[in-house]
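Please open the structure in the viewer and display it as a cartoon. The tour below proceeds by selection, one region after another.

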Amino acid sequence: MLHGRLLNYLDEVARAGSIRKAAERLNVSPTAVNRQILQLEEMLDVQLFQRLPRGMKLTAAGEALLSHVRQTLRDYRALESRLEDMREMRGGEVRLVTMNGLASGLVAAAVRDFAARFARVRIECGVTFISGIIRAVIEGEADLGLGYNLPDDPQLAVLDRYDAPLGAVVAPDHPLARAEKLRPGDCAGYPLVLADETMVMHRTIRDALLRANLSFRPQFQSNSIDFMREIAAAGEAIAFLSAFDVAMDVAEGRLIHVPLLDPAMRPNVLMLVTRRARVQERPTLQFVETLRGYLAE
């Protein structure tokens, strides 16, 4: 990669049309500028300028290189500006509202990562259901909302959508742990831990089990994702959750997530939303980028 100072020399000579004028603008000696240009031409084995009696004129090769040089300088200056913004982020807050399984897993991991880099930014994370997420974001109580299957609302802007199909969640030593995919009927004969009626996925899994002619009598039922994860990790019980709900447990080797095969199962979509036309502060924008890194893995 060409040295930054050399890029500036080349750009300034092209703009000024002479080495002397470029040197004056750069506050260096004409000899230094000329030496750098000659060294660059020798290194590239091509003539970049025509030396004319009235100044310097770019050759075709010089014009091609200069186009690249100017784009490189623009990119570098943009990077410098972004880094300066990050260095100056010494305060502010991020307010997020989400669901319980996400808060204790992926969101907590993203928050720890973000806080390690921006220790002076205050982070507030609330946990609620779908209606609470919508209300908090629309009424300005939260900057961001993260949840499953959030309804369309003209007051909301969707920043990201992620497919989040439900799967069977089991302990690593479970008999079904090595399966690549499972049908609902494959879960027969094992204790089941399901979401209760207050959660959307309760009906999704109930209908899938009924389509497989399985009796709907779960041994465990809860509105706590943490509870479902722990019961699955402790024995032969099978929980039904999205990969996002157990991403950190899977990464740590505590749980296995096996996709469910059921064409009739309704889609499960994880959505990141904000209030439409809201101008986000720099800390919130940076947190969104951090969170996306975890959601995209």
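Strands here are DSSP runs of E with at least two residues, and they are numbered from the N terminus. The model is predicted.

Select strand 6, residues 156-163, and within this strand locate Val 158. Is Val 158 buried or exposed? With a relative accessible area of 35%, Val 158 is partly exposed, because that class lies between the limits of 20% and 50%. Leaving aside residues up to four places away in sequence, the contacts of Val 158 are Met 271, Leu 272 and Val 273. Next, add Leu 146: its C-alpha is 9.9 Å from that of Val 158, and 12 residues separate the two in sequence.

Move now to the open sheet, in which 5 strands follow the order 9-8-10-7-11 with mixed pairing. At its edges are strand 9 (220-222) and strand 11 (256-259), each of which pairs on one side only. The average turn between neighbouring strands of this sheet is 35°, direction ignored.

Select strand 7 (residues 166-170) together with strand 11; the two run antiparallel and are joined by 4 bridges. Gly 167 is placed opposite Pro 259 of strand 11.

Then show helix 7, residues 200-211, which lies across strand 7, strand 8 (192-195), strand 9 and strand 10 (238-242). Relative to strand 8, helix 7 runs at about 135°.

Finally, switch to a surface view and select Met 43, Leu 44 and Val 46, which make a nonpolar patch of about 250 Å². Val 46 sits in the loop between helix 3 (30-44) and strand 1 (49-52). Val 46 is partly exposed, its relative accessible area being 31%.

Notes
Residues numbered from 1 in each chain as written. Predicted model: local features only at pLDDT ≥ 70, side-chain atom pairs only at ≥ 80, totals over all residues. Heavy atoms only, no water. Pairing = 2+ DSSP bridges. Axes fitted to C-alpha atoms, helices over the stretch in contact; angles between N-to-C directions. Contact = heavy atoms within 4.5 Å. Patch = residues over 30% accessible without salt bridge, like charges linked within 9 Å, V, L, I, M, F, W, Y side chains within 5 Å. Areas by Shrake-Rupley, 256 points an atom, 1.4 Å probe, with all protein chains shown as cover. Salt bridge = Lys/Arg side-chain N within 4 Å of Asp/Glu carboxyl O. Buried < 20%, exposed > 50% of the residue type's maximum accessible area, 1.4 Å probe, protein only.
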